[in-house]
Structures are given as C-alpha cells and as structure tokens.
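Please read these notes with the structure open beside you. They go point by point, and each term is explained where it first comes up.

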Amino acid sequence: MRYIFILLFLFSCASDKSLHQSNLEILDEVILKHDELMIEMKTLKDLKMKIESLEVSDTSIDKAVNNLDDARKHMMSFMKGFSEEFPYDKYPMQRDSFEGIDDKELKQINNKLQKQKEVVMQVSFKFSSSIDQAKKLLD
C-alpha cells in the first residue's frame with residue numbers, strides 16, 4: 001500500500017513538472033511572437049503614413065488605413081489582456097515560482113496560455129494581411 005502512495009506521489013510530481021514545462025514553452029512562443037510583432041509596429045505606422053500621403057480619396061485606401069489601425073489596436077488589446085492575465089511578478093512570468101501550485105491550477109494556466117497564443121496568432125494574421133494590403137496599394 002505504501003508503494004502505491006509513493007508511485008502516486010512521483011506521478012503527481014512528474015505531471016506538475018511536465019505541465020510547468022508546457023507552460024514555459026507556450027509562454028516562450030507567445031513572448032517571441034509578441035516581440036516579432038512589436039518590431040512590425042513601426043512598419044504599420046510607416047505604411048499608414050505613406051498611404052495617407054497619397055492624398056487620394058479612395059475606399060481601398062480608407063480600408064487599408066483602417067486595417068492598419070485595426071491591427072495596431074488588436075496588438076494593444078492583446079498586450080493589455082496578457083499583462084492583466086499574467087502579471088510580471090507571478091507565475092508563469094516568474095518561472096521559478098511554480099512550486100506549491102497544484103496540478104489543477106497549472107492546467108488552468110496552461111489553458112489560459114493556449115488562449116493567449118491563439119490571440120497573438122490572430123493579431124499576427126491581422127498584421128500580415130494589413131501590411132500586404134497596404135504594400136499592394138503602394139506598388
């Protein structure tokens with residue numbers, strides 16, 4: 001009987017570690033995508049300025065400007081939501097502070113990180129499509 005408890009304890013610890021590792025991997029992916037998009041923020045701004053300087057009134061130009069603005073707004077919204085969901089002084093942002101967090105909470109954090117990953121990927125798509133649209137207008 002004692003061996004069963006030991007095995008359950010070891011399995012529980014292994015599960016915690018794998019969930020912790022998964023959380024860190026997803027967090028790294030989200031942060032990396034965020035950092036890439038931050039670099040592209042300048043591209044959004046530059047393209048918007050170039051399109052607006054065309055001084056031509058056209059619905060395709062208006063739509064391109066709106067899409068660039070929309071991409072930027074979605075990025076701002078993502079960053080606000082992420083920082084509210086995952087404060088810098090708590091797990092998982094504080095990577096080593098997972099001790100004492102149970103398996104259930106680690107799984108909830110994992111689910112929240114997955115959702116944030118989906119959001120940042122949607123923002124990335126908005127960036128790509130609005131940048132492509134603006135570049136086509138300028139060609």
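1. Asn 110 is a good place to start; it is found in helix H3, which covers residues 103-138. Helices here are DSSP runs of H or I with at least four residues, strands are runs of E with at least two, and both are numbered from the N terminus. Asn 110 is buried, at a relative accessible area of 5%. Buried means under 20% relative accessible area, exposed means over 50%, and partly exposed lies in between, with a 1.4 Å probe and protein chains only. Setting aside residues up to four places away in sequence, Asn 110 touches Leu 19, Ser 22, Asn 23 and Ile 26. A contact is a pair of heavy atoms within 4.5 Å.

2. A word on the source: this is a predicted model, in which local features need pLDDT of at least 70 and side-chain atom pairs count only at pLDDT 80 or more, while totals for chains, interfaces and linings use all residues. Residues are numbered from 1 along each chain as its sequence is written, and side-chain values use heavy atoms, with hydrogens and water left out.

3. How many helices and strands does the protein have? There are three helices and zero strands, and the order from the N terminus is α-α-α. Of the 139 residues, 29% are buried. Among contacts with a separation of 6 or more, 81% are between residues 24 or more positions apart. The exposed area is about 9,500 Å², and carbon and sulfur atoms supply 56% of it; accessible areas come from the Shrake-Rupley method with a 1.4 Å probe, and for residues only the protein chains shown count as cover.

4. Lys 33 lies in helix H1, residues 2-52. Is Lys 33 buried or exposed? Lys 33 counts as buried because its relative accessibility is 19%. Leaving out neighbours within four places in sequence, Lys 33 is in contact with Val 120, Met 121 and Ser 124.

5. Helix H2 covers residues 59-85 and has 27 residues. At 1.5 Å a residue, H2 should span 39 Å, and its end C-alpha atoms are 38 Å apart, which agrees. The expected span is 1.5 Å times one less than the number of residues. Buried residues in H2 include Ile 61, Ala 64, Val 65, Leu 68, Met 75, Phe 78 and Phe 82. In general, an α-helix has 3.6 residues a turn, so residues three or four places apart point the same way. At the start of H2, a side-chain oxygen of Asp 58 comes to within 2.9 Å of the backbone nitrogen of Ser 60.

6. The structure holds eight salt bridges. A salt bridge is a side-chain nitrogen of Lys or Arg within 4 Å of a carboxyl oxygen of Asp or Glu. One of them joins Asp 28 and Arg 95, with the closest N and O atoms 2.2 Å apart. This pair links distant parts of the chain, with Asp 28 in helix H1 and Arg 95 in the loop between H2 and H3, 67 residues apart. Asp 28 is partly exposed at 38%, and Arg 95 is partly exposed at 33%.

7. Helix H2 takes part in two further salt bridges described here. Asp 69 and Lys 48 meet at 2.9 Å, N to O; Asp 69 is in helix H2 and Lys 48 in helix H1, 21 residues apart. Asp 69 counts as buried at 17% relative accessibility, whereas Lys 48 counts as partly exposed at 23%. In the other pair, Asp 70 and Lys 126 have their closest N and O atoms 3.7 Å apart. Asp 70 is in helix H2 and Lys 126 in helix H3, 56 residues apart. Asp 70 is partly exposed at 30%, and Lys 126 is partly exposed at 27%.

8. Asp 96 sits in the loop between H2 and H3. Asp 96 counts as exposed because its relative accessibility is 72%. Asp 96 and His 20 are 76 residues apart in sequence and 9.5 Å apart in space, C-alpha to C-alpha.

Conventions. Polar contact = N/O pair within 3.5 Å; in protein donor to acceptor, adjacent residues only side chain to side chain.
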